[in-house]
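Biologist: I have a few "why is it called that" questions for you. Could we go through them with the model open?

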Amino acid sequence: MTTLYLRAPDPDWLTQPGVPLALDLNQFTGRALPAAATEWLLHSGTPAELATEGAPKLTARQYAAEVRRLVLDVGRLEHVSSQNWDCSPLALSRTTLAVGHHQRNTISNYLALRDLLGDIVFPVLEGATASEVLRCVDLYDKAGVNLTRADLVGLGSVSRRKPAADTARLIDALAAIGLNLHADDRHDLIGTTGNLAAASTAAWTTGAATSDPLHECTRATCAHCHLTARLWHDQHALAGVAA
Ligand SMILES: [Zn+2]
């Protein structure tokens, strides 16, 4: 069974029960913090910062301070992504650093955040290819991190790569060594492999933008509609397969 965290368009969605949600830290900027009525997962937003700025906006210590505020004031935060150094071609071209450097930064950031925040933080695997991702598992091991003990292990940029069959093979190999894997924006993989522990997905909103409303709704489309998100979640979480 894969836990699906639906990408929420607004932090206020956290006040509504029934759908586990995923949000980026930058979505809380300048906002009053809501009290959560549902479980949720926080993404650091670091991959997007690397792609635009070539560096993370916050140090590990600054990020940890923001997370503590969300834990105390919002509540029900289940998992927090470390500030992974994405290995997408765009991120690598912006930082001008090698994959190995991104991997070392990713692991040292995880170690710092684990010291500051504990097990709520999950490590992320990085690498531009499947073999580099497997090597990243060894690098964590050498750094004294037993990934099989982590509640979740993020798949990082490689999970966004097509074709799904290749990524599914990698996921199956990683699951075989005992990792509880989380994929970002690839809920379609759930139909290809039964080995994802969790996924964050915006798929519910792309479907809702192009199809008829799923319910009585006054909006022109249901692309930002919580009830649509809940119906999508229940359908996919129960079926355990992709649309
Ligand atoms: Zn609607």
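Modeller: Happy to, and please keep in mind that this is a predicted model. Let's begin with strands E7 and E8, the latter covering residues 196-201: they run parallel and are joined by 4 bridges.

Biologist: What makes E7 and E8 a pair?

Modeller: Pairing calls for at least two bridges, and E7 and E8 have 4, so they qualify. Among the contacts, Ala-183 stands opposite Ala-199 in E8, and Asp-184 has Ser-200 in E8 as its bridge partner.

Biologist: And how do you know that E6 and E7 pair?

Modeller: E6 and E7 share 2 bridges in the parallel sense, which meets the limit of at least two, so they count as paired. In that neighbourhood, Gly-154 stands opposite His-182 in E7.

Biologist: Which order do the strands take in the whole sheet?

Modeller: The sheet is open, with 8 strands in the order E5-E4-E3-E2-E1-E8-E7-E6, and the pairing is parallel.

Biologist: Why are E5 and E6 said to stand at the edges?

Modeller: Strand E5 (121-122) and strand E6 (153-154) each have a single partner strand, so one side of each has no neighbour in the sheet.

Biologist: Back to E7: which way do its residues point?

Modeller: Leu-181 and Ala-183 point one way, His-182 and Asp-184 the other, and all are buried.

Biologist: Why is Asp-184 called buried?

Modeller: Its relative accessibility is 16%, and buried means under 20%, so Asp-184 passes.

Biologist: What does the side chain of Asp-184 meet, and what makes that contact a salt bridge?

Modeller: The side chain of Asp-184 meets that of Arg-7, at 3.0 Å from N to O. The limit is 4 Å between a side-chain nitrogen of Lys or Arg and a carboxyl oxygen of Asp or Glu, so this contact counts. The pair links distant parts of the chain, with Arg-7 in strand E1 and Asp-184 in strand E7, 177 residues apart. Arg-7 is at 17% relative accessibility, under the 20% limit, so it is buried too.

Biologist: Which residues make up the salt-bridge network here?

Modeller: Arg-7, Asp-24 and Asp-184 are linked in it. The bridge between Asp-24 and Arg-7 is 2.9 Å, N to O. Asp-24 sits in strand E2 (residues 21-24) and Arg-7 in strand E1 (residues 3-7), 17 residues apart. Asp-24 is buried, as is Arg-7.

Biologist: How many salt bridges does the whole structure have?

Modeller: The search finds 7. Another of them joins the side chains of Asp-12 and Arg-31, at 3.3 Å from N to O. Asp-12 lies in the loop between E1 and E2, and Arg-31 in the loop between E2 and strand E3 (40-43), so this pair ties together parts that are 19 residues apart in sequence.

Biologist: Why are Asp-12 and Arg-31 called partly exposed?

Modeller: Partly exposed lies between the 20% and 50% limits. Asp-12 is at 38%, so it falls in that range, and Arg-31, at 32%, does so as well.

Biologist: Where does the largest pocket lie in relation to these residues?

Modeller: Arg-7 and Asp-184 are among the residues nearest its centre, along with His-43, Pro-47 and Arg-160. The lining has 21 residues, and the pocket holds about 320 Å³ of space. Helix H1 (46-53) and strand E7 (181-184) each supply at least two lining residues, and E7 gives the largest share, 3 residues. By class, the lining has 6 nonpolar, 9 polar and 6 charged residues.

Biologist: What about cavities: how many are there of 30 Å³ or more?

Modeller: There is 1. The residues lining the largest cavity are Leu-25, Ser-44, Thr-46, Glu-49, Leu-58, Tyr-63 and Gln-83, which divide into 3 nonpolar, 3 polar and 1 charged.

Biologist: Last one: how do you know that Cys-136 is in no disulfide?

Modeller: The search of the whole structure finds 0 disulfides. For Cys-136, the nearest cysteine sulfur is that of Cys-87, 7.8 Å away, and a disulfide needs sulfur atoms within 2.5 Å, so the two do not qualify. Cys-136 is also buried, because its relative accessible area is 0%. Cys-225, at 3%, is buried by that under-20% limit too.

Terms used. Residues numbered from 1 in each chain as written. Predicted model: local features only at pLDDT ≥ 70, side-chain atom pairs only at ≥ 80, totals over all residues. Heavy atoms only, no water. 1 Å grid on protein atoms, 1.4 Å probe; cavity = no way out; pocket = protein on both sides within 12 Å on 5 of 7 lines; lining within 4 Å. Points joined across faces, edges and corners; volume = space filled by probe spheres on them. Nonpolar A, V, L, I, M, F, W, Y, C, P; charged D, E, K, R; others polar. Buried < 20%, exposed > 50% of the residue type's maximum accessible area, 1.4 Å probe, protein only.
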